[in-house]
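Colleague: Got a minute to go through this one with me? I'd like the short version.

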Amino acid sequence: MSTQNLQDTAQFVLENLKKNGASKAGVFLTQTTKYELNVEREDITLYRTTENTSVSMSALVGTKRGVVRTNNLLPDALLENSKKAVSLANVNKEDSGNDISPSQDHKNICVGDEEPDSESMYKRLKEFLDYAKVSYPTLKFDSCIFSFDLENQMYANTNSVLLHQKIGSYSFSPMFFAKDKNGVSSFNSGGATHLNLNTPLQNWGNLDELMKQSCEQTKTEKLNDSFVGDVILTPDVVLELIYTALNEFLGDMSMITNSSIWKDKLNEQVVSTLLTVALKPEMGGVEIPNLITDDGFIAKNTTIIDKGILKSFLLNLYGMLKTNKPRCPAGSYGLVIEPGTNSRSALVKNVKRGILLSRFSGGRPAPNGDFSGVAKNSYLIENGVITKPLSETMVAGNTAKVLESILGISSETTNCGSMQAPWIHSTGITISG
């Protein structure tokens, strides 16, 4: 579907939502074409192309909202679903948080390839498999997906908003384990998304190190005690931790229900002064930009935490209207945790006793940030030295306190295309075997 066809379809939907009684309306249209290479048992076995087109239409009758999502873009189906969206709005309750984004300049971006470089994709994947076979002979791939994705997306509403983006990107996501005479390691995965194929796949994200660690983890040891100590968080865990904190403490639900521990802390210090967190969806922010927020605004780079001080909540339009607090201009895309001044090795040397946490398996934390779970693919650190891989080791703490108790942040970072994070050294974690 061409960009003009997307625009024509969006206007068709909006017109019919209005004809059926919507006072305001908005529509998201997304067309994605995926070209995918698969690996099975270390061999490239499949190359396929799939397409998916979807529409999400939202009708407002006063402040009552009805939403319909469908993959059927035939005119008759769009007409029927337009009626359904308005009907749903009519039977729903009034809600002061329901609205559409106001008038903005029309904006369009096109980034990346519009067609896959299939030959280079095959060469890079073959190169990666050969590298893994030589460098890590005990490594086994459970699944390995390498794809080129072309996403064509448009948002339009009855306030004359029209935003369009077309982004072509390459994604690599292998899952693997190691097996040797000592045993079998836990599963792990890595990868990233990038605009081009200039870099060997083993250097995407933190993949090479993760593969190396899996091969070291076929024989693990249990802790025989429990202690409160330090933790070195790898970039993957840092991203997970920060996203969890932002959503739990700054997102719509916690702010609307007043359960957020940071709800009254705007422009106050909430975490260590070493920590700066931003969302950078604009061109020139993260490598792969994102023009359109989920609530229909042009996305703008936004600092969330500046040297420990809270500068923005993570509210969308609905959350803003329900709380009377400012919305986040970035949406929720493009997380960047700024690097520090220490080397990774220096962070480890400063740990008397603790763990290198490479993967965390646990449930959603409590509203106050308390969490507990299992440290996977992780190592014991003693007297500044990474000593041995650990078997199922429990870790517990509090998300906010982990961020308050940061002792160091690495100068090195891992770039995943849409996110960037360093290694972080914190303390006060309960670690038990």
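**Notes on the model**

Modeller: Isoleucine 44 is partly exposed, with a relative accessible area of 25%. Partly exposed lies between buried (under 20% relative accessible area) and exposed (over 50%), with a 1.4 Å probe and protein chains only.

Colleague: What sort of model is this?

Modeller: This is a predicted model: local features need pLDDT of at least 70, side-chain atom pairs count only at pLDDT 80 or more, and totals for chains, interfaces and linings use all residues. Residues are numbered from 1 along each chain as its sequence is written, and side-chain values use heavy atoms, with hydrogens and water left out.

Colleague: Where is isoleucine 44 found?

Modeller: In strand 2. Helices (H or I, at least four residues) and strands (E, at least two) are DSSP runs, numbered from the N terminus.

Colleague: Which residues does isoleucine 44 touch?

Modeller: Leu37, Asn38, Val39, Tyr122, Leu125, Lys126 and Leu129, leaving aside residues up to four places away in sequence. Contact means heavy atoms within 4.5 Å.

Colleague: Switching to helix 2. Which of its residues are buried?

Modeller: Ala77, Leu78, Asn81, Ser82, Ala85, Val86 and Ala89. Seen down the axis of helix 2, they fall within an arc of 165°, so they line one face. The arc is that of the directions from the helix axis to the C-beta atoms.

Colleague: And what do those buried residues pack against?

Modeller: Helix 1 (3-19), strand 2 (43-61) and strand 3 (64-70). On the other side of helix 2, Asp76, Glu80 and Val91 are exposed.

Colleague: Now pockets. What volume does the largest pocket have?

Modeller: About 440 Å³. Of its 25 lining residues, the closest to the centre are Ser171, Thr193, Ile288, Tyr333 and Ser418. On a 1 Å grid over the protein atoms alone, a pocket is an open set of points where a 1.4 Å probe fits, with protein on both sides within 12 Å along at least five of seven lines; lining residues have an atom within 4 Å of a point. Volume is the space filled by probe spheres set on the points, which are joined across faces, edges and corners.

Colleague: Which element gives the most to that lining?

Modeller: Strand 6, with 5 residues.

Colleague: What about the second largest pocket's volume?

Modeller: About 370 Å³. Phe28, Ser58, Arg65, Asp294 and Asp295 are the closest to its centre, of 18 lining residues. Strand 1 (24-40), strand 2, strand 3 and helix 7 (317-323) each give two or more residues to this lining.
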